[in-house]
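Visitor: Could you pick one part of this protein and take me through it up close, along with whatever surrounds it? I'd like the walk-through in plain bench language.

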Amino acid sequence: MANYPDPGSPRVTVRHEYLGCRSYRLSHATTVEEVKQRLYEETNLPVDEQRLLHNGRALDDGIQIGTLLLPGSPEVSITLEGMGLKGGGRFGQTTPPLVEFLKDILRRMPEDAGATEVKFMFDETEYGVESLWSHDMAQYQGPALYVYNDAVFTNEDWNGIQEIARSRKREDPLKVGRFGIGFNSVYHITDVPSIFSSDQIGMLDPHQTLFGVHESGQCWNLKTDIKEVTELTDQFAPYFGIFGSSEKTIKDGSFPGTLFRFPLRMKPSQLSGNIYNKEKILELFESFKADADTVLLFLKSVQKVSLHMRESDGTERMLFQVTAMEADNKLERPNSVKTLGPGHRLLQQQHAQLHHHVVNIETQDETAKETQRTTWLVCNGVGGRGMSAEMDSLADDLKFIPAVGIALPLTVIKEEDKGASSCFSGRAFCFLPLPPGRRAGLASRCTGFFGLTDNRRSIKWREVDQWRDPAALWNELLIVNIIPRAYFTLIMDIIRRVQTKKDQDFPLAPKGTYQAWPDPHRVKSRWKPILQPLLQDLLQQQVIYSLSQGWIRADEAVFSELDSGEDISNTVISYLQSTGMQVAVVPAAIEAVLAAHMSGPNEVRKVSPHFVRQVIRKSKHKGPSQEKLLLLEFVLSDGCYSDLIGLELLPLQDETFVAFSSSVSEKDAVYIASDDYPRALFPGLDNRFILASICPSVMDNLKNAAKSRGDPVKNLAN
């Protein structure tokens, strides 16, 4: 958690020609680079395009705000300049990257409507311009981006899409489009969007120039306005012959889906100066592919998205498709939010409702002629009222729901030498992936009903200048109270599936389960509060797989770091197992996690020479001589010769073993022969000499032991 702001923290004011002023309460140690990052998160102006000046002097990124304060002054004034753009650069409302626009459409419209399939198509067709509503409509008969989904607009949707300044979805928190003002994001690429759904075709004109003074749109009904629809052939031609709409649609008077048409802006307008063409749209499609294997993970209804292209000659082809298929033979995706009460309100229950399932994400790239499949284990959950009084209050005020999701790529975990944590650093989601820089550092994908910054590109966090921001506080409470429980449930479900070998589509080896654990060294600071509650729950469960092929608690295990396959390692482990010890091997990252969270009587136990010496004192080795010699080699390896007393591992020439003793009596002494004093000089005393055939390293250790005070082994060379 962040610290409470120091009342003496300086106020930093950033000025820009078009932006005006933005003020922040920041700590003295805040760097210029951190100020730039804050500006980027709010405005999308890239950090490397920002230039901050103080009293006309450019500021280096490493300069701390406190060094800019004048004696006795609590404020710092900074000027922002952008590079290469009139007015100082892309500051204020800027156009998001193309792929973010595409995700916005996917997030806001079909998902909110309950659609299961979405199709995007770039159409190069130049439609006729003879029979139009007006001659001014001709400029919108050219290339366009289409978005189809298989849900039908409701009356609420038709009303809501006409409201420019606010979101009607705020009162229904399950509609992800509530993050922003919804449909308005389409004006990044078009001036005249249109919608065809059920029995209506509607066109929007924010310029209010096409349909009359102060008229911002026009709507036609396939039944009551059929005469006009059939007469204006060119005007309505772009809506037929696309994704299932046809002449039959006109006869039936209804289209069983929703089709959006966004004519590309070919020249700057009062609405925007952004120009779009075929190259930009195809770039948009390519960018979408980068996240294609994850975009469907946490959506509650959409299961298929495809990208299409229609050439100017009418040739149409599919370019790409991604499909989410349930692997648990369920007809529909498990959905925790269905447990909510009337009006999507939280139920009175002091625990989280959690559901998990396996989903296969298949991508088909027709251009590259590639088909790839990724298998994920997904856990979705929603907290109940009563888990946190503070969350209950914020949920009511913000209309938020404590819904979270965790997804782990099983196809990555199956690889022997790689874990999920080594392949990616846990992208953060808010139903759909947030920009790549927003990573949690977890070994999984993590989504939540997060409060986002105004540009919807970052999760809000409490900073010294916005410590009481309710959405930022909500995010922290979500991370502490709900996400750890969902993460715990996901890991336990992995173990359960491995134990029961429930189905052939889950071929996960026991040691692969460790890759689901977060690595504290990788987890970003904002997400570290997940660790304590998660590990506290895990350490109470049987989450460690022993070499005896059983599941045990961490405090029941003895962890081995010995090289597998070596005779000495196998002998040590076999001996410990024969005494009832549960030996386990885990990755180094897991061992570090356990060491950090286990202490006192339950601290981590490791296979070491000291530990084995303790066990031998309690449970005398009864195996063959060769095993004793290997155990001797191991317990000597740390050079703690004074800790050998009482171990019956000292090999004699007569092939017997005696205990190391602290006695200094001559009758208890055991000798090591030397070149000057060979054993042949002492016939009949094989029971007083060390076995001559032991390996050189053991003999060297015993000679060193002979030099130790009070040890009965004596070197005749001395």
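**A buried tryptophan and its surroundings**

Guide: Let's start with Trp474, which is buried, with a relative accessible area of 0%. "Buried" here means under 20% relative accessible area, exposed is over 50%, and partly exposed is in between (1.4 Å probe, protein chains only). Bear in mind that this is a predicted model, where local features need pLDDT of at least 70 and side-chain atom pairs count only at pLDDT 80 or more, while totals for chains, interfaces and linings use all residues. Residues are numbered from 1 along each chain as its sequence is written, and side-chain values use heavy atoms, with hydrogens and water left out.

For context, 53% of the 718 residues in the protein chain count as buried. The chain's secondary structure comes to 19 helices and 28 strands, taken as DSSP runs numbered from the N terminus (helices are H or I with at least four residues, strands are E with at least two). Of the contacts with a separation of 6 or more, 66% are between residues 24 or more positions apart, a contact being heavy atoms within 4.5 Å.

Now the rings. The whole structure holds 19 aromatic pairs; rings of Phe, Tyr and Trp (its six-membered ring) pair if their centres lie within 6.5 Å, with planes under 30 degrees apart called stacked, over 60 edge-to-face and the rest tilted. Tyr148 and Phe243 are a tilted pair, because their planes stand at 40 degrees, with ring centres 5.6 Å apart. The two come from distant parts of the chain, 95 residues apart: Tyr148 belongs to strand E7 (residues 144-149), and Phe243 to the loop between helix H6 (233-236) and helix H7 (247-252). Tyr148 is buried at 11% relative accessibility, and Phe243 is buried at 12%.

That brings us back to Trp474, whose ring partner is Phe400: the centres are 5.5 Å apart and the planes at 75 degrees, so this pair is edge-to-face. Phe400 is in the loop between helix H9 (389-398) and strand E16 (403-409), while Trp474 is in helix H12 (residues 470-481), so the pair ties together parts that are 74 residues apart in sequence. Phe400 is buried too, at 7% relative accessibility.

Tyr148 and Phe243 also belong to one aromatic cluster, along with Trp133, Phe196, Phe211, Trp220, Phe236, Tyr239, Phe240 and Phe255. Phe196 and Phe255 from that cluster crop up again in the contacts of two other residues. Ser198 is in strand E8 (residues 194-198) and is buried at 19% relative accessibility. Leaving aside neighbours within four places in sequence, Ser198 touches Val152, Leu222, Gly253, Ser254, Phe255 and Gly257. Leu222 sits in the loop between strand E10 (217-221) and helix H5 (226-231) and is buried at 2%. With the same near neighbours set aside, Leu222 contacts Phe196, Ser198, Asp199, Ile201, Val229, Thr249, Gly253 and Ser254. One of those, Ile201, is 21 residues away in sequence, and its C-alpha is 7.8 Å from that of Leu222.

Next, the nonpolar side. The largest nonpolar core has 73 residues, and those with the most contacts inside it are Ile483, Trp517, Trp527, Leu538, Ile544, Phe559 and Leu594. The largest share of this core, 10 residues, comes from helix H13. Another core, of 40 residues, lies apart from it, and includes Tyr187, Leu284, Phe298 and Leu299. (A core is a set of buried Ala, Val, Leu, Ile, Met, Phe, Trp, Tyr and Cys residues joined through side-chain atoms within 4.5 Å.)

Back in the largest core, Leu538 contacts Phe488, Ile491, Met492, Trp517 and Val543, leaving aside neighbours within four places in sequence. As for H13, 14 of its 18 residues are buried, so the helix is largely enclosed by the rest of the structure. Just after H13, Lys501 takes a positive phi of about 45 degrees.

Phe559, from that core's list of top contacts, leads on to a small bit of sheet: strand E22 covers residues 557-559 and pairs with E24 in the parallel sense over two bridges. (Two strands pair if DSSP finds at least two bridges between them.) Within that pairing, Val558 has Arg605 in E24 as its bridge partner. The open sheet has three strands in the order E23-E22-E24, with parallel pairing. Strand E23 (582-584) and strand E24 (605-606) are at the edges with a single partner strand each, so one side of each has no neighbour in the sheet.
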